[in-house]
There are 2 protein chains.
Amino acid sequence: MSELELNCPLPLQYDRIVMAHGGGGRLMQQLLDTLIQPVFSNPLLDQKHDSAVFAINGSKIAFTTDSYVVKPLFFPGGDIGKLAVCGTVNDLAMSGARPLYLSCALIIEEGFPIEDLQRIMESMRRAAEQAGVLIVTGDTKVVEKGKGDGVFINTAGIGLVDNTIDIIPSRIQAGDSILLNSDLARHGIAVMLEREGLNFEHQIESDCADLSGLVRELLAAGIDIHCLRDLTRGGLAAALIELAATARQHIEISEAALPINSNVKSACEILGFDPVYIANEGAFIAFVPEAQTEQALSVLRRHPLGRQACRIGEVKSTHLRGMVTLENVMGVSRIMDLFNGEQLPRIC
Amino acid sequence: MSELELNCPLPLQYDRIVMAHGGGGRLMQQLLDTLIQPVFSNPLLDQKHDSAVFAINGSKIAFTTDSYVVKPLFFPGGDIGKLAVCGTVNDLAMSGARPLYLSCALIIEEGFPIEDLQRIMESMRRAAEQAGVLIVTGDTKVVEKGKGDGVFINTAGIGLVDNTIDIIPSRIQAGDSILLNSDLARHGIAVMLEREGLNFEHQIESDCADLSGLVRELLAAGIDIHCLRDLTRGGLAAALIELAATARQHIEISEAALPINSNVKSACEILGFDPVYIANEGAFIAFVPEAQTEQALSVLRRHPLGRQACRIGEVKSTHLRGMVTLENVMGVSRIMDLFNGEQLPRIC
């Protein structure tokens with residue numbers, strides 16, 4: 001079957017870790033599929049969702065984790081602290097959970113300025129307060145100079161999912177509309193430009209934001225959300241490719257429908273990046289029933305983080321199960337695939 | 001009051017992070033007390049317990065996190081993978097929780113051998129299976145060569161606490177017996193010897209182990225445990241000093257009662273370490289009512305990890321509230337204090 005041919009894990013062709021193993025592309029997928037997922041395999045992990053969702057005494061709990069190694073630590077529109085709160089809150093929100101509690105574990109490099117640490121902690125506090133979550137447990141480790149890179153932050157998060165909610169890749173079905181809340185690629189490009197010290201006429205800011213409010217609004221409006229995914233490492237492309245494979249459905253996206261800020265587009269053209277592969281930290285896609293498309297879009301557009309919300313594609317009933325196709329403005333479709341190398345490492 | 005004089009946070013006297021900020025001693029305490037705790041302050045974090053415990057729909061959930069940066073990654077008696085599972089499982093167990101779910105977040109340095117990663121994952125799998133926990137969510141990041149150190153692992157854990165259980169520093173009270181399950185300092189010394197390439201006649205193995213079974217046995221026997229603490233960074237001393245300050249009680253320990261393996265004792269003497277400050281990964285103390293001392297000891301001694309269980313001290317009703325005193329074999333007591341510098345960094 002076609003999806004197996006394209007997506008089954010190849011044997012690892014490296015004997016050492018390369019940067020692309022963390023880049024959100026094919027090599028990362030291979031590492032996870034051959035080395036990590038099979039070792040720990042269990043029904044919860046195998047859901048391949050942003051959060052694991054399980055019941056404790058009848059309550060549906062969502063649980064997720066992410067380490068943040070973004071470089072540089074401070075960038076237009078945010079910093080590693082804001083990212084470490086919003087990123088994990090968003091992973092909870094993508095399972096329909098109300099984010100409640102976060103942990104905060106720091107790995108600090110010897111010689112790191114205490115003032116910068118203070119600034120990052122303050123940024124985490126502010127982001128947590130805005131998202132309505134409490135940081136309730138933590139850990140601090142210090143490693144020698146040259147054995148770390150300033151500071152790495154891990155946050156894990158716990159949220160509560162209403163028992164009536166079931167937002168999960170396996171519910172994606174033919175006929176679903178695919179909605180996007182925002183324009184693409186701002187986070188990756190903002191971090192990249194800051195890292196390389198490049199100045200463009202108009203500063204591009206990361207879209208780093210807490211998306212849980214938007215999800216709450218959709219649910220409150222009675223939208224029967226089938227699946228959600230935030231578009232972080234690997235961008236829109238990686239999210240769609242993984243979901244199409246997991247749900248074994250054919251996803252078709254219209255290239256013309258993808259909102260991309262003109263400054264971001266220019267930067268991508270100059271630097272040779274394809275915005276659909278670039279990380280976002282305030283963008284997500286929602287799979288909703290065709291019949292609720294307009295209602296969902298109007299709910300999204302009422303929220304400051306959803307003003308550009310649009311329908312970017314649909315789940316189709318064709319023989320291309322497990323694949324993503326991108327239809328260009330000429331009406332020609334091509335199969336969208338993971339990139340092999342490292343496009344933008346250390347972006348989150 | 002005396003405990004305030006000794007324990008109130010001093011202003012940070014460094015403007016950059018030094019290794020001792022992660023060493024489990026006074027500088028680490030200062031960093032947490034002045035920079036991290038006050039920023040995030042909330043009733044759950046302020047409990048200063050190994051896990052945060054909160055109710056979700058009436059169920060008491062324990063939540064904890066730890067990053068593991070141990071060096072070397074493989075050592076006699078364990079490796080970073082086993083440590084990353086047992087350490088977090090133990091933090092859950094110390095709040096009386098039944099450990100249920102773990103996350104696993106890897107920060108891997110470019111160039112790290114895939115074979116070593118495989119060995120570590122396998123070790124995590126085995127430890128998780130033995131502890132009866134599932135690894136349900138994860139994350140993988142890669143950083144450039146020279147920006148990490150092989151692999152760092154963060155695990156966060158979720159456990160369920162029976163509603164009748166209340167194991168928390170504030171329940172420590174005068175009259176409590178303090179029990180210890182095992183001999184001291186094996187983990188720190190084993191890692192230290194391996195790191196420095198020192199060979200002793202008898203190999204010393206880390207005590208790295210899952211302690212949740214021992215706690216379960218105590219609870220099943222009806223022991224009214226007031227508080228538990230595993231003796232990791234900073235060893236027995238750091239655990240006691242923090243608990244005495246948090247509970248505002250006077251803890252007295254009998255030096256003669258402390259079990260220390262003769263090989264560990266020799267190594268400590270040669271290397272100039274005090275075993276009460278050395279990290280353990282399979283040792284914990286329990287505060288139990290005086291009247292249940294013998295029963296609790298016999299429960300502990302029936303378990304393979306508790307065969308050396310003994311009573312090492314008590315909580316006294318004196319004016320030395322907030323302090324720990326160590327009575328030596330001559331009957332002379334001295335105040336036990338945190339060490340200032342870094343005794344053994346990167347031990348967990």
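## Cis prolines after strand 2

In this predicted model, A:P72 sits in the loop between strand 2 (59-68) and strand 3 of chain A. The peptide bond leading into it, from A:K71 to A:P72, is cis. Its omega is near 5°.

Chain B has a cis bond too, from B:K71 to B:P72, with omega near 5°. B:P72 lies in the loop between strand 2 and strand 3 (74-75) of chain B.

## Positive phi outside glycine

A:R248 is not a glycine, yet its phi is positive, near 50°. The residue belongs to the loop between helix 7 (235-247) and strand 10 (250-254) of chain A. Is A:R248 buried or partly exposed? It counts as partly exposed, because it has 16 C-beta neighbours inside 10 Å and burial takes 20 or more.

A:R346 is another non-glycine residue with positive phi, about 55°. It lies in the segment after strand 14 (333-335) of chain A. A:R346 has 22 other C-beta atoms within 10 Å, so it is buried.

## Helix 2 of chain A

Helix 2 of chain A covers residues 26-40, which makes 15 residues. At 1.5 Å a residue, the expected span is 21 Å. The end C-alpha atoms are 20 Å apart, so the two values agree. The helix does have a kink of about 40°, centred on A:D33.

Which residues of helix 2 of chain A are buried? They are A:R26, A:L27, A:M28, A:Q29, A:L31, A:I36 and A:F40. Part of their cover comes from the other chain: helix 4 and strand 6 of chain B are included in it.

## Helix 5 of chain A

Helix 5 of chain A runs over residues 186-196. Of its 11 residues, 8 are buried, so the helix is largely enclosed by the rest of the structure. The buried set is A:R186, A:H187, A:G188, A:I189, A:A190, A:V191, A:M192 and A:E194. These residues pack against strand 3 (74-75) and helix 8 (262-271) of chain A.

A:G197 follows the helix. Its phi is positive, near 65°.

## A:S103 in strand 5

A:S103 is part of strand 5 (residues 98-109) of chain A. It is buried, because 26 other C-beta atoms lie within 10 Å. A:S103 and A:L134 are 31 residues apart in sequence, but their C-alpha atoms are 8.5 Å apart in space.

Which residues does A:S103 contact, leaving aside neighbours within four places in sequence? In chain A they are A:T137, A:G138, A:T155 and A:A156. In chain B they are B:F63, B:T65 and B:A156. The contacts of this residue therefore involve both chains.

## The nonpolar core

In soluble globular proteins, nonpolar side chains tend to be buried together. Here, the largest nonpolar core holds 231 residues. The members that touch the most other members are A:V151, A:L240, A:A286, B:V151, B:L240 and B:A286.

Take A:V151. Not counting residues up to four places away in sequence, it touches A:L73, A:I80, A:L106, A:I107, A:I108, A:E109, A:F112, A:L117 and A:I120. A:E109 in that list is charged.

## The interface

Chain A and chain B each put 70 residues into their contact. On the chain B side, these elements each supply at least two residues: helix 2 (26-40), strand 1 (52-56), strand 2 (59-68), strand 5 (97-109), helix 4 (114-131), strand 6 (134-143) and strand 7 (151-161). Strand 6 of chain B gives the largest share, 10 residues. By residue type, the chain B side divides into 39 nonpolar, 18 polar and 13 charged.

## How the copies relate

Chain B superposes on chain A through a rotation of 180°, with 0.0 Å of shift along the axis and an RMSD of 0.0 Å. That is why the relation is one of a two-fold axis. Which residue of chain B comes closest to the rotation axis? It is B:G148, at 2.2 Å (C-alpha).

Of the interface residues of chain B, 100% are also interface residues in chain A. The copies therefore meet through the same surface.

Notes
Residues are numbered from 1 along each chain as its sequence is written. Chains are lettered from A and ligands numbered from 1 in the order in which they are written. This is a predicted model: local features need pLDDT of at least 70, side-chain atom pairs count only at pLDDT 80 or more; totals for chains, interfaces and linings use all residues. Two residues are in contact if their C-beta atoms, placed from the backbone, lie within 7 Å. Helices (H or I, at least four residues) and strands (E, at least two) are DSSP runs, numbered from the N terminus. Copies are superposed by least squares on the C-alpha atoms of residues with pLDDT of at least 70 in both. A nonpolar core is a set of buried Ala, Val, Leu, Ile, Met, Phe, Trp, Tyr and Cys residues joined through C-beta atoms within 7 Å. A residue is buried if 20 or more other C-beta atoms lie within 10 Å of its own, exposed if 12 or fewer, and partly exposed in between; C-beta atoms are placed from the backbone. The expected span of a helix is 1.5 Å times one less than its number of residues. The bend at a residue is the angle between axes fitted to the seven residues ending there and the seven starting there.
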